[in-house]
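Please open the model in your viewer and keep the chain labels switched on, since the stops below are given by chain and residue number.

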Amino acid sequence: MANKIYRIAILPILLYALASNADENIDIVVSKANTIDHVSPEEIYDIFIFQNDVWNNGEPITVITLPLHSSEHREFLYKYTGLNYLGYSRRFNNRINSGRGRAPIIVKNYDEMLKTVGEHTGSVGYNEKTVTSLMEEYGIKVLEVY
Amino acid sequence: MRAIYKIIMALLMATNVNALETVKSAIGETDISGHVTVGGYFTTRNNFEAGDTTDGYDLNEIGVLLYHTFNNNFSATLYSTSDFFVDYGFLQGRYTWLDTTIGLRVGRINVSSGLFGGYGPHSDGMNFLPQGTSPSRVGRAFFRFDGVQGYYEQMFKDGSGLILEASYGEHVTDSVQGVYEPAFFAIFDGSTLTANFSRPAFLLNVNYYVGNLEFIVNYSDMLGNLSGHYSNTIPLEFLTGDPADVGQFVEIDEDIQSDDYPSKLLKVGVAYAVGNFEHAFTYFRWVDTPEPTYIGSSSLGDLYVSDGISYILRYAFNYDTIAYTGYTEYTSTFGNEQINIALKSAPDWVDRGQSIMLGVKYQVSDSLQVIAESHFNKGGIYLSGEFQDPVTAVEYWNLHSITASFLF
C-alpha cells in the first residue's frame, strides 16, 4: 500500500518534468563518441542523484553540472528530478561527500558545459537552449528522452 | 601536519582551482575535491570542547577528498583533514545488475546517516550539528568506525531508493573521556576514565528516499570495557544500610572496572523538503545496561538511558542564502540519582541540555560560502566533563560561530 501511494505521488512529478522539458527544450547532451542515443526520465533521475554511474553500454558516467546553488542547475533538477535544492543537497552530501560516489564536474557556464561534455566519452550534461547547431563544434549530441 | 596542508592548499589555490580536479593514471582516475575553512567561535563559558587549547577557539580546517576509480566495480576513498590524516578512507567493491547494487567496503568507514551526516562544515551547511542527536561531546564515535561493511542498494521504478549497510567494526572516537556523561566527572577522577572495546560493534544503517522525503535509521550494538577511579565522599549508611549510621560519612577511593559493558545506540530521522523549506526531525537513544557495580550494599547503576531529539527547519530565501533554525534537547538518567546521595553533588541540569539554534549560510560565489550560527543553551550535557566542572559550571550559556569555506 505504501509503495502504491508513493508511485501515485511520484508520477505527477515525473510527468510534470517531462512536460516542462518539452516546453523549455532542455537538451540532455553527451559526447558524440557515446553509443547511447536515448535515455528515459527515470535514468536521468538516477544519474543526477548519483545512484547510477554506468551507462548501459558499460561506459562510466561523468556528470557535468553548473554550480549546485545556481538558478540554472536548480531549475534543471526540479524539472528532471522533482527535487528542490534542499532535498537535493542532502542527497548530494550523503552520496558524494561521504565518498560513496563520484562527484560531478562543476563548470561555470553552458559554453564550458558543452566543451567538457565533448571531451569526456561517458559524460552527460544539459543545456537550456537547443544545441543542435553546436553539436559539430563541441563534438556532442543530444539524447532523446522517452 | 597543518603546515603541510597549508602549503598544498596554497598551491592549489594559486592554480585557480575552483572545481573538481581529475588526475588520470595507469590504474584509473582520481577525483580531488575539498575545502579550506577558516573561522572561529566564542562561548559564554570557558573551555568548550577545546580539543587543542594552544589553538584557541578556532574552527579552521583543511580537508581533501580523494575518490579513485579503478574500474566500474572498484574504487577507493580517502578523506584527509588537517586534524586527522584519515578522517575516513576505505576500499569499495561492488556489483550492479539492473537497479540493484551489492558491495563491500573495508577500512575506516563513515556512517551514512543521511540527516546531519557530520562530514564537515563545508558539506553539512552548519558549523555545529544539533547536539541532541549528534553530540560532538562524544567526538566522532557515531560517524566512523574501523572495520568492514556490506551494503545493498535498490532503486525502484517510482524513483525511490533503499540503502542498507551492515557493518562490523570499532567506533572511532576523538576522545575516550568524551563518551562519559559530564556527571561522571563529579564522582570519578576524569583523567583515569578509559573506554575500550570488548568486541567490535555491529552497526546497521537504513536509508530510504522517495522524492523530497527521506528516512534514516542508524543502530549500533557495542560491548566495551570501562574503568575509572572513583573518588567521592558518601554517607556511611549507603554502604552499611544501617540507619544508625545516618550523619556519618566515609571517603571512597577505589578503582572500578566494568568489563563487557553493553551499549546500544539508535538514531531515527526523517526529512521532508517542500517549496523553499526543509523540515528535519531526528530522535536519538543511547542505552547502557552494565552489570551493577556494588559499593557496600548498594549498586552503582545498572541502566543508563539517554534520549535526544532535534528539529531543524531550513529556508532557502534565494539561490544564495539559506537560513535555518532549530531546537534540540538531550537528557540522561545517569548522574544525580547516584551523585545526590553523596556530598559531592552536581546540579540536575548537568544531565540534560536544551538548545535553540539560529544560522544562515550564504554562498558568496561558486566556491566560497560563509556560515554564521548561534546556539542558545540550557544545561551542561553537551559538554564533555574534560572541559567543565559539572559541580560549578553555569546552566545558561551561548555559543556563537562564523566560518568561511573555500570549496574546490
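The tour goes from a sheet to a helix in chain A and then to a surface patch in chain B, all in what is a predicted model.

Begin by selecting the strands of chain A, where six of them form an open sheet with mixed pairing, in the order β2-β6-β1-β5-β3-β4. At its edges you will find β2 (38-39) and β4 (105-106) of chain A, each of which pairs on one side only.

Within this sheet, select residues 62-65 and 123-127 of chain A, which are strands β3 and β5; these run parallel and are joined by two bridges. If you then show side chains here, A:Val63 can be found opposite A:Val124 of β5(A).

Move next to helix α5 of chain A, residues 110-119, and colour its buried residues, which are A:Tyr110, A:Met113, A:Leu114, A:Thr116 and A:Val117. Because these residues cover an arc of only 165° around the axis, they lie on the same side of α5(A). At the N-terminal end of α5(A), select A:Asn109, which caps the helix with a side-chain oxygen that lies 3.2 Å from the backbone nitrogen of A:Asp111.

Finally, turn to chain B and select B:Leu104, B:Val106, B:Val148, B:Tyr168 and B:Phe202, which make a nonpolar surface patch of about 420 Å². Which strand holds B:Val106? B:Val106 belongs to strand β6 of chain B, residues 100-110, and its relative accessibility is 45%, so it counts as partly exposed, a class that lies between the limits of 20% and 50%.

Notes. Residues numbered from 1 in each chain as written. Chains lettered and ligands numbered in written order. Predicted model: local features only at pLDDT ≥ 70, side-chain atom pairs only at ≥ 80, totals over all residues. Heavy atoms only, no water. Buried < 20%, exposed > 50% of the residue type's maximum accessible area, 1.4 Å probe, protein only. Helix = DSSP H or I, 4+ residues; strand = E, 2+ residues; numbered from the N terminus. Arc of directions from axis to C-beta. Polar contact = N/O pair within 3.5 Å; in protein donor to acceptor, adjacent residues only side chain to side chain. Patch = residues over 30% accessible without salt bridge, like charges linked within 9 Å, V, L, I, M, F, W, Y side chains within 5 Å. Areas by Shrake-Rupley, 256 points an atom, 1.4 Å probe, with all protein chains shown as cover. Salt bridge = Lys/Arg side-chain N within 4 Å of Asp/Glu carboxyl O. Pairing = 2+ DSSP bridges.
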